[in-house]
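Here is a short report on one protein chain. Keep the sequence and the 3D view open as you read.

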Amino acid sequence: MSSNKKIEDGLEHIRNAEKSLKTSLLKWRPDYENAADEYNKAATCFRNAKSFDQCRDCLLKAVECHKQNRALFYAAKALDQCVLVCKELGDLRAIPQYAERAANMYHTQGNAESAASALDKAAKIIEQKLPADALKLYQHATEIVMIQDSTRQAAEYASKIARLHVKLHDYDLAADAIRRELGLHQQNESYQATGRLTVALVLVQLARGDVVAAEKAFKEWGNYCEAPELQTLESLLQAYDEEDPEAAKRALNSPFIKHMDVEYAILARDMKLPESSLPQTRVVQENPSASIDVVSKAQGDEELEVFSNDEQPSNATEEVHTEENEEDEYAGGLC
C-alpha cells in the first residue's frame with residue numbers, strides 16, 4: 001500500500017510539472033524552475049517506491065528543465081542522481097555518459113572540484129566490471145585537476161590509472177602512468193610513496209620482459225627506497241640477471257610485495273619466471289663407432305679362432321694321408 005501511495009504521489013508531481021511547462025495567453029514562457037522542482041519530487045517518490053525506471057525518467061526531465069533555466073549546477077546534480085539510480089538498476093554502461101555530462105556542466109560553471117568528484121564516484125562504481133570505461137573517467141578527472149594545479153589529487157588519480165592499466169595487462173601504458181605518478185609525488189615531496197612506486201615500476205618492466213628497463217628504473221628511483229624495498233628489488237633483479245627461477249620466486253613472494261596494492265600483488269604472483277641457465281644433465285653414451293669396432297674385433301677373433309680350429313683337423317688329415325701313402329709305397333717291397 002505504501003509503495004502504491006508513493007507512486008501515486010509521484011504521478012501527481014509529474015502532472016504538476018507538465019502544468020508548469022504549459023503556456024497560455026497570460027503565461028508566455030514555461031516555468032522551468034517549478035517544473036524541475038516537481039520532477040525532482042516525483043523522482044524521490046519513485047525512488048522510495050523502488051520504481052527506478054520512472055525515477056530515472058523524472059531526473060532526466062528535471063535535467064532538461066534546469067538546462068532551459070540555465071541552472072547547469074542543478075542539472076549536473078540531477079545527473080549525479082541518475083548515476084546512482086543506474087547503479088540500482090544494474091545499468092552500468094549508462095553511467096559513464098551521465099558522469100561525463102555532469103562533469104562538463106560542473107566544469108562549465110567553474111566548479112572543477114565537483115566535476116572531478118563526479119567522475120571519480122562514477123569510476124569507482126564501474127571499475128570492477130567495466131575497467132576500460134572507468135579508466136577513461138579517471139583520465140578525464142586527472143586532466144581537470146591538473147588544470148587547477150592540484151598535483152596531490154592528480155597523483156591519486158594517476159595511481160588509479162596505473163593500476164587499471166596493470167589490470168588490463170597494458171604494461172607499456174602502465175609504465176608511463178607510474179612514471180607520471182612518480183613525477184607528481186616528487187613535486188609533492190612524498191618520498192615514501194615514491195619508494196613504493198619504484199617497486200611497482202620494476203615489476204611492470206619485468207612483466208614487459210625488459211630486464212634492462214627494470215634495472216634502469218631501479219638506478220633512477222632506487223634512492224627513494226627504504227631498506228625492505230631495496231632488499232627486495234636487489235634480490236629480484238639479481239635473480240632475473242642470473243636467470244635463477246627459484247631466487248626470483250622467493251623475491252616475488254616476499255611479504256613486502258604481497259602487501260602492495262592488489263593489482264601489483266597479482267602481477268607479482270602471475271609473473272613469468274626467468275628460464276634457468278644451468279646446464280642440463282645429459283646421458284653420456286659411448287661412441288657407437290667404437291662399439292661397432294669392438295664388436296667387429298670380437299667377431300673377428302671368434303672367426304679366427306674358429307678358423308684355427310678348422311685348420312687343425314685339416315692338417316691332421318693331410319698327415320694321415322701322407323703316412324698311408326708312405327706305407328703303400330713300401331708295401332710292394334723294394335722292387
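In this chain, 58% of the contacts with a separation of 6 or more join residues 24 or more positions apart. Contact here means heavy atoms within 4.5 Å. The model is predicted, so local features need pLDDT of at least 70 and side-chain atom pairs count only at pLDDT 80 or more, while totals for chains, interfaces and linings use all residues. Residues are numbered from 1 along each chain as its sequence is written, and side-chain values use heavy atoms, with hydrogens and water left out.

**The whole chain**

The chain has 16 helices and 0 strands. These are DSSP runs, numbered from the N terminus: helices are H or I with at least four residues, strands are E with at least two. Of the 335 residues, 39% count as buried. Buried means under 20% relative accessible area, exposed means over 50%, and partly exposed lies in between (1.4 Å probe, protein chains only).

**Two loop residues**

Two residues other than glycine have a positive phi.

| Residue | Phi | Loop between | Relative accessibility |
|---|---|---|---|
| Lysine 50 | near 65 degrees | H2 (32-48) and H3 (52-68) | 62%, exposed |
| Arginine 70 | about 60 degrees | H3 and H4 (72-89) | 76%, exposed |

**Helix H11**

Which residues of helix H11 are buried? In this helix (residues 211-221), they are Ala213, Ala214, Ala217, Phe218 and Trp221. They lie on the same side of H11, because they cover an arc of only 140 degrees around the axis. The arc is that of the directions from the helix axis to the C-beta atoms. An α-helix has 3.6 residues a turn, so residues three or four places apart point the same way. Val212, Lys216 and Lys219 are exposed on the other side of H11.

What do the buried residues of H11 pack against? Their partners are helix H9 (171-188), helix H10 (191-207) and helix H12 (227-241). At the start of H11, a side-chain oxygen of aspartate 210 comes to within 3.4 Å of the backbone nitrogen of valine 212.

**Alanine 251**

Now look at helix H13 (residues 245-252), where alanine 251 lies. Is alanine 251 buried or exposed? Alanine 251 counts as buried, because its relative accessibility is 7%. Leave aside its neighbours within four places in sequence: alanine 251 is then in contact with Thr232, Ser235, Leu236 and Ile257. Take leucine 236, which is 15 residues from alanine 251 along the chain. The C-alpha atoms of these two residues are separated by 5.3 Å.

Definitions and conventions
A polar contact is a pair of N or O atoms within 3.5 Å; within protein, one must be able to donate a hydrogen and the other to accept it, and residues adjacent in sequence count only if both atoms are side-chain atoms.
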